[in-house]
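Student: I have a structure open and would like to learn how to read it. Where do we begin?

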Amino acid sequence: MTDVLLKVEGLVKHFRVRGGVVHAVDGVSFSLSPGETLGLVGESGCGKSTLGRLITRLQAPDRGRIELDGLDITLLSRRALRPVRSHIQMIFQDPFASLNPRSTIGRSLSEPFIVHRMGTTAERRRRVEELLDRVGLQGEHATRFPHEFSGGQRQRIAIARALALNPKLIICDEPVSSLDVSIQAQILNLLQRLKDEFHLSYVFITHDLAVLGHIADRIAVMYLGEFVELADRATLRQRPLHPYTSALFDAVPSPEPRAARSRKRALPTGDPPSPVNPPAGCRFHTRCRFAEDVCAREAPPLRKVESTHWVACHLVTADPAQRPRGPVQMARAGETSAPSRGPS
């Protein structure tokens, strides 16, 4: 086992559509350690789900490199990928759409064992009962069909199927976004328990920063196909440096109405630009009230500003002494003037 379970370098995926090319994922790089959860957050259409499908090789990248436990899986054929599939699984947003409505739950959970030719019929049946028990369901549920379950129960079944082959990595693509709040909490607690029990690693995709506050070790913020900030959970909550990250935090609803009314927010203006024609320079500059001329001319690289903190912003310097106040701090203080170059 290596110290890095997943390594992604310069991953690119474009889709040709009528009228141009969609820049879904544009040069994303990161690594994931065994037992770690990386949260991936951003607005709808920023490329989060596409990135998850690329990592699992459900879609092939145009450029870049994907390594799983030291093995380069970027260009592997379907046959060569088959043994790798047991190490990386995916939980989809809509569990009903991901389950065959004409197959019993027992058949759906047995399918991974059949495909990989594992165990006898009796052994598969016992394994299915064990999986159902692990996710809080009962063995008798194996004879039922997907429509006989609630949304939360169907997501538990999807989780059980992802666990079937004892994977090392699970991509969770907004697994709780379609569930009620109370059910969300149950599923998140279940995922956390299973992670500790099986020493799993997660890439957890969501548009809800509040969800990541419960499950993620590190958080990557994605905007129009690119990472704009990457840091551990505590650092990102306490010191978000990119204006877009600050805007995402400001958009999280407050449970206290009085506090919500008096809250100073720095929300971005307008709608996200089309991924078919992303802006030149910093892709966020058209919605950023702190943007300067350089932001429209040059694309900022994702660079390290602290030991575990990476950000792609021209207004952020690596020297903390030179950035006593910056876009995030000014926005939270309610100031409206743009900062001078450098501090953040």
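Tutor: With a term: helices and strands here are DSSP runs, numbered from the N terminus. The model is a predicted one.

Student: How many helices and strands are there in the chain?

Tutor: The chain holds 13 helices and 12 strands.

Student: Which helices and strands supply the lining of the largest pocket?

Tutor: At least two lining residues come from each of helix 2 (78-85), strand 6 (88-91), helix 4 (105-115) and helix 6 (151-163). In total 21 residues line the largest pocket, and Leu-58, Arg-85, Gln-89, Val-115 and His-116 are the ones nearest its centre. The space in this pocket is about 720 Å³.

Student: How do the residues of that lining divide into nonpolar, polar and charged?

Tutor: The lining of the largest pocket has 10 nonpolar, five polar and six charged residues.

Student: How many cavities of 30 Å³ or more are there?

Tutor: A cavity differs from a pocket in that a probe fits inside but cannot get out. The count is two cavities of 30 Å³ or more. The second largest has a volume of about 80 Å³. Its lining consists of 14 residues, with Pro-243, Cys-282, Cys-288, Cys-295 and Cys-313 nearest the centre. That lining divides into 11 nonpolar and three polar residues, with no charged ones.

Student: Now the sheet. In what order do its strands stand?

Tutor: In general, strands of a sheet pair through backbone hydrogen bonds, in a parallel or an antiparallel way. Here eight strands make an open sheet with mixed pairing, in the order 6-7-8-3-9-10-12-11. Strand 6 and strand 11 (303-306) are at the edges with a single partner strand each, so one side of each has no neighbour in the sheet. From one strand to the next, the twist averages 20°.

Student: In which sense do strand 3 and strand 8 pair?

Tutor: Strand 3 (residues 37-41) and strand 8 (residues 201-206) pair in the parallel sense, over five bridges. Within this pair, Gly-39 is opposite Phe-204 of strand 8.

Student: What does helix 7 touch on the sheet?

Tutor: Helix 7 (residues 181-198) packs on the sheet and touches strand 3, strand 6 and strand 8, and its direction is at about 160° to that of strand 8. Helix 10 (residues 243-251) also packs on the sheet, where it touches strand 3, strand 9 (218-223) and strand 10 (226-232). The direction of helix 10 makes about 105° with that of strand 9.

Student: What share of the chain counts as buried?

Tutor: Buried residues are those under 20% relative accessible area. They make up 49% of the 344 residues of the chain.

How values were computed: Residues are numbered from 1 along each chain as its sequence is written. This is a predicted model: local features need pLDDT of at least 70, side-chain atom pairs count only at pLDDT 80 or more; totals for chains, interfaces and linings use all residues. Side-chain values use heavy atoms; hydrogens and water are left out. On a 1 Å grid over the protein atoms alone, a cavity is a set of points where a 1.4 Å probe fits but cannot get out, and a pocket is an open set with protein on both sides within 12 Å along at least five of seven lines; lining residues have an atom within 4 Å of a point. Grid points are joined across faces, edges and corners, and a volume is the space filled by probe spheres set on the points. Ala, Val, Leu, Ile, Met, Phe, Trp, Tyr, Cys and Pro count as nonpolar, Asp, Glu, Lys and Arg as charged, and the others, Gly among them, as polar. Helices (H or I, at least four residues) and strands (E, at least two) are DSSP runs, numbered from the N terminus. Two strands pair if DSSP finds at least two bridges between them. Axes are lines fitted to C-alpha atoms, for helices over the stretch in contact, and angles run from 0 to 180 degrees between N-to-C directions. Contact means heavy atoms within 4.5 Å. Buried means under 20% relative accessible area, exposed over 50%, partly exposed in between (1.4 Å probe, protein chains only).
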